[in-house]
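Hi everyone, thanks for making time for this one. I'd like to walk you through a single chain, starting from the inside and working outwards. Let me put it up on the screen.

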Amino acid sequence: MNRWLLAGWALLLVVGLGLRAPHLALRPLHNDEGVNAMKFRAAYVTRDYKYDPDEFHGPTLPYLTLPAAWLQGGGDFNKFGEPTYRAVTVAFGVGLILLLMLLAKDFGRPETLCAAALMAISPAMVFYSRYYIHEMLLVFFSALTFISFWRYLNSGRVGWAVAGGLGLGLMSATKETFVLALSAMGLSIGATVLWGRWRDDGAPVFKPQWKWLDLVAALAVATLTEFLLFSSFFTNSAGPLDAVRTYLPWSHRAGGQTLHLHPWNFYFERLFFFHVRGGPFWSEGFIGLLALAGFVGALRGRLVLWRLIAFYTFWLTLIYTLLPYKTPWCLLGFYHGMILLAGAGAVLLWRACQANALRAVLAVALVAGAAHLGWQSWRGNFAVDAHGVPYCDSAKNPYVYGQTLPDALTLVDTVEALARVSPQGYATVIEVMSPESYWPLPWYWRRFQKDKAGYFDNIPNPPPLPIASVPIMIVSATLHAAFDESPGKTHLMAGYFQLRPQVFLELYVNTNLWAAYVKTLPPEKD
């Protein structure tokens, strides 16, 4: 690799990191992020993390957060803020760019570099690299598996087979939807073989090098990796079996037993043309058009790797499109393939434009398209709208989905302030009652003693403590609690807060505690 290519990779890493790493605490934790942070607590503090087959996905995320905590000097769990957790997914988002270097020899150096550039600036890739959820890890491990086995079949070196087995084990231990990526890989192999027989008149253009013992070694590494992680390093004997049992509840969700039901075009709308009234237009159509050119080029050409990526992307896109269960971050799996095809499509178009005038026009279009993507990435993560609302918190952003609103942090700060004036401090009893998900509030109130903080899906009957003896209660507005109207007037409603879109919470505070809190407030200005 010459120095210009190395300089290009270095520049892309700087750009990718520059868009992903700054101001990681700018946006409140999403409810899924809050859950994941508290799952990490079990791995870090009590060291009794156990895989839950009914919820929360796989164990790689909490275990791979340990290095981030150690790099901060370890110590008290409560000191770790949003940047600690999101730094993990930032690392894997940037790592995904680096991983493409392993494809450069077979996919083409300019094609790979173009794909890496698009990966670095893609608004979807940037936004979800700053999200402490499993998806970016799943995409990284899927890419590692695909690339490693490709390198193995080209070289016959057992080390690549072992790396592929490691990637496969980590895929499985990250998220249950790894089976979709694995299915797409299998289907892409079959489609590539059939297409080659028809397109290339039966003449083989690729002769894989493999041995049964190498594949057995890869499978052994994958199995051992899964067993170690799902068993919590030999402390949870039920974990490996739970890793199989999990597909019953998750298949119900994928089949429609969930609130996340969306039409077939949900992902395409988010990616290629998204607009909410009063907000800007968003589009990664530039990548979509280049990917289409790359897909056509893959079918017409004779490069096996190109075809594999094209068919893998096609099948995975089709699978995710047909499933009724859809959350926007799930698009990352197939969109990663689209970005690879887009890199190839850009080079294909450049080579097709022989005239200098055409190349000049194409160069302007490519630079303009890349600049537009980069600008959207910056806007989606750091800019605010005309009303001062950050786009990273706003439904005007296509990648924001059920996001915790800044008003929730006002509630968090108010409860923290009440604890500071309470004689019991963080031993003050606090109860949260909401049929809607109350996350990420348990993470924000992690300093409260665990046995003093109660979280309920409804108003408990009978209550664990008499209502009058609970100093702080946060109740969903849908429950119509009216605790401020109870006999004795022990509480007042101190505020009305929006946790997420259409999710409102009422804050009830003991009158004596509220009076003590009010005394700490600065005097109002006339």
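Before anything else, please keep in mind that this is a predicted model. Let's begin with the largest nonpolar core, which has 128 residues. The members that touch the most others are Phe-40, Leu-331, Leu-411, Val-415, Trp-445 and Ile-474. As for who supplies this core, helix α8, residues 135–155, gives the most, with 11 residues.

There is also a second, separate core, this one of 9 residues. Among them are Val-429, Met-473, Val-475 and Leu-479.

Now let's zoom in on Trp-445. Which residues does Trp-445 touch, leaving out those up to four places away in sequence? The list has Leu-411, Val-412, Val-415 and Ile-474, and then Glu-416, Ile-430, Val-432 and Tyr-455.

For those of you who like general background: in soluble globular proteins, nonpolar side chains tend to be buried together.

Next stop, helix α3, which runs over residues 60–71. Its buried residues are Thr-60, Leu-61, Pro-62, Tyr-63, Thr-65, Leu-66, Ala-68 and Ala-69. What covers them? The cover includes α2 (31–46), α4 (82–99), α8, α9 (158–172) and α11 (212–230). So α8 turns up here again, as part of that cover. Just after α3 comes Gly-73, with a positive phi of about 90°.

Staying with α8 for a moment, Leu-153 lies in that helix. Is Leu-153 buried or partly exposed? Its relative accessible area is 25%, and buried would mean under 20%, so Leu-153 counts as partly exposed. Leu-153 and Lys-211 are 58 residues apart in sequence, yet their C-alpha atoms are 9.5 Å apart in space.

Let me step back to the whole chain. We have 21 helices and 5 strands. The C-alpha trace spans about 90 × 55 × 45 Å along its principal axes. For 526 residues, a compact globule would have a radius of gyration near 24 Å, and the chain has 26 Å, so the two agree.

Buried residues make up 53% of the chain. Of the contacts with a separation of 6 or more, 75% are between residues 24 or more positions apart. On the outside, the accessible surface comes to about 23900 Å², and carbon and sulfur atoms account for 65% of that.

Last, the charges. There are 40 positive and 33 negative side chains, and the centres of those two sets lie 12 Å apart.

That's my tour, and I'm happy to take questions.

Methods:
Residues are numbered from 1 along each chain as its sequence is written. This is a predicted model: local features need pLDDT of at least 70, side-chain atom pairs count only at pLDDT 80 or more; totals for chains, interfaces and linings use all residues. Side-chain values use heavy atoms; hydrogens and water are left out. A nonpolar core is a set of buried Ala, Val, Leu, Ile, Met, Phe, Trp, Tyr and Cys residues joined through side-chain atoms within 4.5 Å. Buried means under 20% relative accessible area, exposed over 50%, partly exposed in between (1.4 Å probe, protein chains only). Helices (H or I, at least four residues) and strands (E, at least two) are DSSP runs, numbered from the N terminus. Contact means heavy atoms within 4.5 Å. The radius of gyration is taken over C-alpha atoms; the globule rule is 2.2 Å times the number of residues to the power 0.38. Accessible areas come from the Shrake-Rupley method with a 1.4 Å probe; for residues, only the protein chains shown count as cover. Lys and Arg count as positive and Asp and Glu as negative; His and the chain ends are not counted. The place of a charge is taken as NZ of Lys, CZ of Arg, CG of Asp or CD of Glu.
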